[in-house]
Amino acid sequence: MLTAQLGPRASAESERPPGAGNGATAATAAAVYCHRNTAQHRFNRFLGLTGNDVRHPETAALVALVLRARSRRAGAQAPP
């Protein structure tokens with residue numbers, strides 16, 4: 001499952017998959033203020049680490065949902 005692939009170090013803030021909504025490298029690069037090659041490298045790195053290609057909308061939605069759920073779960077478990 002995706003949560004097992006992301007591991008304990010993944011969080012919504014530090015390990016967010018690169019993406020700007022449509023999976024296009026140029027659009028993503030513009031959205032996150034980096035060069036197109038940097039965005040492409042980040043897509044490929046995330047794919048290599050998790051086996052999930054976030055350039056596909058269904059996969060990107062699943063990854064975003066898992067990261068959001070993990071973030072909320074971690075917030076709920078934090079001491080008051």
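Helices here are DSSP runs of H or I that span at least four residues, numbered from the N terminus. With that in hand, we can start at T25, which lies in helix α2, covering residues 25-31. Please keep in mind throughout that this is a predicted model.

Let us step back for the overall layout before returning to T25. The protein chain holds four helices and zero strands, and reading from the N terminus the order is α-α-α-α. The chain has 80 residues, of which 28% count as buried. Its accessible surface comes to about 5500 Å², and carbon and sulfur atoms hold 55% of that area. If we take the contacts with a separation of 6 or more, 51% of them join residues 24 or more positions apart.

How far can you trust each part? The mean pLDDT of the protein chain is 77, and 66% of its residues reach 70 or more. Among the elements, helix α3 has the highest mean pLDDT, at 93, whereas helix α1, residues 2-6, has the lowest, at 57. There is also a stretch to handle with care: over residues 11-15 pLDDT stays under 50, and the model has nine contacts beyond four places in sequence for these residues.

Now back to T25. Its relative accessible area is 13%, so T25 is classed as buried, the cut-off being under 20%. Which residues does T25 touch, leaving aside those up to four places away in sequence? They are R36, A39, Q40 and F43. With one of these, Q40, the side chain of T25 makes a side-chain polar contact at 2.9 Å.

A little further along comes Y33, in the loop between α2 and α3, the latter being residues 36-50. Y33 is not a glycine, yet its phi is positive, about 55°. That is worth a second look because most residues other than glycine have a negative phi. Is Y33 buried or exposed? Y33 counts as exposed, since its relative accessibility is 77% and the cut-off for that class is over 50%.

F43, already met as a neighbour of T25, also belongs to the largest nonpolar core. This core has five residues: F43, F46, V54, V63 and L67. The elements that give two or more residues to this core are α3 and α4, the latter being residues 57-77. Such a grouping fits a general pattern, because nonpolar side chains tend to be buried together in soluble globular proteins.

Within this core, V63 is a good residue to pick out on the display. V63 sits in helix α4, and its relative accessibility is 0%, so V63 counts as buried. The C-alpha atom of V63 is separated by 8.2 Å from that of N52, eleven residues away along the chain.

The last stop is a pair of charged residues. How many salt bridges does a search of the whole structure find? The search finds one, and in it the side chains of D53 and R55 meet with an N to O distance of 2.8 Å. Pairs of this kind can form because side chains of opposite charge can pair when their charged atoms come close. The two partners fall into separate accessibility classes: D53 counts as buried at 18%, while R55 is partly exposed with a relative accessible area of 21%. Since the class boundary is set at 20%, D53 falls under it, at 18%, and R55 falls over it, at 21%.

Methods
Residues numbered from 1 in each chain as written. Heavy atoms only, no water. Buried < 20%, exposed > 50% of the residue type's maximum accessible area, 1.4 Å probe, protein only. Contact = heavy atoms within 4.5 Å. Areas by Shrake-Rupley, 256 points an atom, 1.4 Å probe, with all protein chains shown as cover. Polar contact = N/O pair within 3.5 Å; in protein donor to acceptor, adjacent residues only side chain to side chain. Salt bridge = Lys/Arg side-chain N within 4 Å of Asp/Glu carboxyl O. Core = buried A, V, L, I, M, F, W, Y, C linked by side-chain atoms within 4.5 Å. pLDDT = per-residue confidence, 0-100.
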